[in-house]
Amino acid sequence: PHASTPRGRARGPGGPPQADAVTEADWLTFLGAYPNLIFSFVGHSHENRVRYLEPPTAGRALWEVMTSALADFPHQLRIVEIWDQDNGWLSLRATSVDFAAFGDPAATEGRELGTLEYVAGWTSAHAPGTLDDRNVELWIERP
């Protein structure tokens, strides 16, 4: 799924603006209406990012965890663990890990090309995310 940031507002090469595009406030209100939703795992923006989101009106707050694609620098995936702390809280641990490309020519070439794109500045400088977006432990009250 996509992140909560606005879609269809022509923020880049994606076509003309859509009058009926879902706004960030509308999306957060929709998500916040689910009392059992605690985390939202998203992609499509090719970067690592973690944000705490609160609906603009009533509803439940949640964490949004974005992970870049394996084809994007820094070519990592996330291991996700959800823990019930038995004290009214849940924690989510998201750890970025490297994948092995040894002996796989396609994976090796993909990693080399993705690194070249990043170093040359052809892709977003925000892709790796900040240190606070990488290996995280997030807490939220249990529904």
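A residue is called buried when its relative accessible area is under 20%, exposed when it is over 50%, and partly exposed in between, with a 1.4 Å probe and protein chains only. By that rule, 32% of the 143 residues of the chain count as buried.

The model on your screen is predicted, so local features are given at pLDDT of at least 70 and side-chain atom pairs at pLDDT 80 or more, while totals for chains, interfaces and linings use all residues. Residues are numbered from 1 along each chain as its sequence is written, and side-chain values use heavy atoms, with hydrogens and water left out.

**The whole chain**

Begin with a cartoon view, where helices (H or I, at least four residues) and strands (E, at least two) are DSSP runs numbered from the N terminus. The chain has two helices and six strands, and from the N terminus on, its elements follow the order α-β-β-β-β-β-α-β. If contact means heavy atoms within 4.5 Å, then among the contacts between residues at least 6 apart in sequence, 56% join residues at least 24 apart.

**Stop 1: helix α1**

Select residues 24–32, which form helix α1, and show the side chains of W27 and F30, which lie three residues apart, about one turn of the helix. Rings of Phe, Tyr and Trp (its six-membered ring) pair if their centres lie within 6.5 Å, and planes under 30 degrees apart count as stacked, over 60 as edge-to-face and the rest as tilted. The count by this rule is four aromatic pairs. The ring centres of W27 and F30 are 5.4 Å apart and their planes meet at 25°, so this pair is stacked. W27 counts as partly exposed at 24% relative accessibility, and F30 is also partly exposed, at 43%. Add Y34 to the selection, and you have one aromatic cluster made of W27, F30 and Y34.

**Stop 2: around strand β3**

Next show Y52 and W63, an edge-to-face pair with 5.0 Å from centre to centre and 65° between the planes. Because Y52 lies in strand β2 (residues 49–53) and W63 in strand β3 (residues 62–66), the pair ties together parts that are 11 residues apart in sequence. Y52 is partly exposed, with a relative accessible area of 41%, whereas W63 is buried, at 17%.

Now colour the whole of β3, where five of its five residues are buried. On one side you will find L62, E64 and M66, and on the other W63 and V65, so both faces are covered. Two strands pair if DSSP finds at least two bridges between them. Strand β1 (residues 39–42) pairs with β3 in the parallel sense over four bridges, and here V42 stands opposite M66. Strand β2 pairs with β3 in the antiparallel sense over five bridges, and L53 has L62 as its bridge partner.

**Stop 3: the open sheet**

Move on to the open sheet of three strands, which has the order β4-β5-β6 and antiparallel pairing. Both β4 and β6 (136–141) stand at the edges with a single partner strand each, so one side of each is left without a neighbour in the sheet. Neighbouring strands here are turned by 20° against each other on average, direction ignored (axes are lines fitted to C-alpha atoms, for helices over the stretch in contact, and angles run from 0 to 180 degrees between N-to-C directions).

Strand β4 (residues 76–84) is joined to strand β5 (residues 89–98) by nine bridges. Two places to label are V80, whose bridge partner in β5 is A94, and E81, which stands opposite R93. Four residues lie between the strands of this hairpin, and D86 takes a positive phi near 60° there.

**Stop 4: the nonpolar core**

Which residues make up the largest nonpolar core? A nonpolar core is a set of buried Ala, Val, Leu, Ile, Met, Phe, Trp, Tyr and Cys residues joined through side-chain atoms within 4.5 Å. Select I38, F39, V50, W63, V65, L90, L92, A94, V136, L138 and I140, the 11 residues of this core. The elements that give two or more residues to it are β3, β5 and β6. Centre the view on F39, which touches L62, W63, I82, S91, L92, L138 and I140, not counting residues up to four places away in sequence.
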